Amino acid sequence: MKTSVQLRELLNRIDHKGYPAYKDTKGSWQFEGYILSIDHVQGDPFAAPSKVSVQVPGKLAAFPTELYDQKHKRIALQDYLIRQFAKQVQAFTFKAKGSGKSGLLSVSHCGQEILERTACELDKNGSVSVRLEIGFPANGRTINARELCKILFDFLPGCVKKSLYYRSLDAKAVQKNRELAEDQAFIRQELSRLKLAAFVANDSILPRETGVSDRPMKNAVRFHSPKSMEVTLKLPYYGKLTGMGIAQGITLVVGGGYHGKSTLLKALELGVYNHIAGDGREYVITDNSAMKIRAEDGRSIKQVDISMFINNLPNQKDTIHFCTEDASGSTSQAANVIEAMETGSKLLLIDEDTSATNFMIRDELMQRVVHRDSEPITPFIDRVTELFENYGVSTILVAGSSGSYFHKADCIIQMDHYLPKDITDFAKQEAASFPLAEEPASVSEKPNYIRPVKKDLPFCKNDRIKIKTQGKDSILINRETIDLRYVEQLTDSEQLNTLGQLMKYAQLHFFDGTHTLGDAAEYLCQILNQKGISGICSGSYIPGGFALPRKQEIYACLNRYRGLKL
Ligand code: ADP
Ligand code: MG
């Protein structure tokens, strides 16, 4: 391998030349204690910055194996290392000067959730790879190699040594990070053993600082479980932890406006991810497969069997293979439920704030005036029990304005001044004097999930496929937009970057007319599990900037991709 001395010589030679001469720096260079790989060199100083990675061999990084010998521990350590490395690197961004993006240094920005990212990967031998972007400096379009030397020889070595070697880190903090990961994994296991859909620890902080900041709210009312719902877990490190256990089944969250119902639900939605220490939700853990269900007017629906909820449409439209390019509130929410079931989700999270009323309930007067036979919709309330009893799918539902669900709920929580109260007995008593008017709807057929995808793709194998993502909102594949704004459990734009690559991979490999949409989603998950993101990237190097989505979001993305023909 070439050495850092040779890299310095090369940089001296190309100084003041035209920008393309930077391309010669591509390759791996042995530095003291690590390898620097220049994986991709930007075309000019204004283009997307160059991709660089650093590999510290396991022997030198020297992390004790018990910090990464299991997946959840490895992900937590990787997450910790990115954050440490980012802190170091931040101090040097734009310290080297020049035109355009000259001097930029950047690594993935990690939010409150702990995700598996390509920004940092530990392999079996404990060697650490970190991926970053560097704006190679220029004056105008002329190489300024001295500034790049500053970055590569003065700034970066210190950043690497301070953040990627075990001996330079705070061993106690690293240990704490691992313990939290193990405790969180333990709670996830306990959920299924105790038949819980979710657990919210006492003293958790659920509300966020502002609508645009995910940090914990200061001076928030801390969560405290009602006595009747208390569960005490014995975590391997934290020890005894008490909180509210939400049992599998049907749970209703009621309460006056502004009393914290949606805030609780939001925390449960994100409880499918682990949170960092100090977030306030580190012990809010939800069934991994939980899915937020909402109305999503305007989405496309491809051959979804929504007959459980919608039948006999006036235009005779088939609701077993329901298709539309512009769904209504109720049809979109029905499709969202069925698609969640197809992913194997065992918990639906619904907020009346974002639901279609006619999908959720039909009030008594309406039932008297408009007979069931002339209403295509069987509302969710008529299916919620069936979903649990026949399919094992639980529901946690926020409903402040309609009492109808009192009859169906196994557990009723009232949020009162941000604190939950168990009002199940009282609400059931009251409900007994308001019997439901209608006969229960007849049991529905199991939904048909088999949806073959046609070979008819929006592009050919040899076409250049351009993928762009816009924050957490959408993915653009060539000219096709996949709108993901309402897939609310996507928590990081890097997950969309991965979804974009997955869509491309699926089209090139699975959609040859022999696979169903469900097969494709399952294959994609398998590849991700076995090979990580490198399994789906076609290029010669693994780029940073990718975070893993869940299986549920992979399905959600395929389901919203209008380019697929079914
Ligand atoms: P609801 O859905 O019941 O109408 P929200 O959950 O939207 O109420 O909460 C209303 C407001 O109260 C929000 O601005 C939220 O940030 C704030 N809030 C929620 N929970 C707490 C809490 N535990 N402590 C302080 N403020 C809170
Ligand atoms: Mg609300």
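Biologist: By class, which residues make up the shell around ligand 1?

Modeller: Sort the neighbours by side-chain class, then count. In this predicted model, the shell holds six nonpolar, six polar and one charged residues.

Biologist: Which residues come nearest to ligand 1?

Modeller: A residue is near if one of its heavy atoms lies within 4 Å. Here 13 residues surround ligand 1, and Val 221, Tyr 258, Lys 261, Ser 262 and Thr 263 come nearest.

Biologist: Where are the polar contacts to oxygen atoms of ligand 1?

Modeller: Look for N or O pairs within 3.5 Å. The side chain of Thr 263 puts an N or O atom 2.5 Å from a ligand 1 oxygen. For Lys 261, a polar side-chain atom is 2.8 Å from an oxygen of ligand 1. In Tyr 418, the side-chain N or O atom is 3.3 Å from a ligand oxygen.

Biologist: How much of the accessible area of ligand 1 does the protein cover?

Modeller: Start from the area of the ligand on its own. That is 560 Å², and the protein covers 79% of it.

Biologist: Which pocket does ligand 1 take up?

Modeller: Ligand 1 occupies the space of the second largest pocket.

Biologist: Why does the radius of gyration agree with a compact globule?

Modeller: Compare the value with the globule rule. For 566 residues the rule gives near 24 Å; the protein has 26 Å, so the two agree. The C-alpha trace spans about 85 × 55 × 35 Å along its principal axes.

Notes:
Residues numbered from 1 in each chain as written. Chains lettered and ligands numbered in written order. Predicted model: local features only at pLDDT ≥ 70, side-chain atom pairs only at ≥ 80, totals over all residues. Heavy atoms only, no water. Polar contact = N/O pair within 3.5 Å; in protein donor to acceptor, adjacent residues only side chain to side chain. Areas by Shrake-Rupley, 256 points an atom, 1.4 Å probe, with all protein chains shown as cover. 1 Å grid on protein atoms, 1.4 Å probe; cavity = no way out; pocket = protein on both sides within 12 Å on 5 of 7 lines; lining within 4 Å. Sits in = over half its atoms within 2 Å of the grid points. Nonpolar A, V, L, I, M, F, W, Y, C, P; charged D, E, K, R; others polar. Rg over C-alpha atoms; globule rule 2.2 N^0.38 Å.
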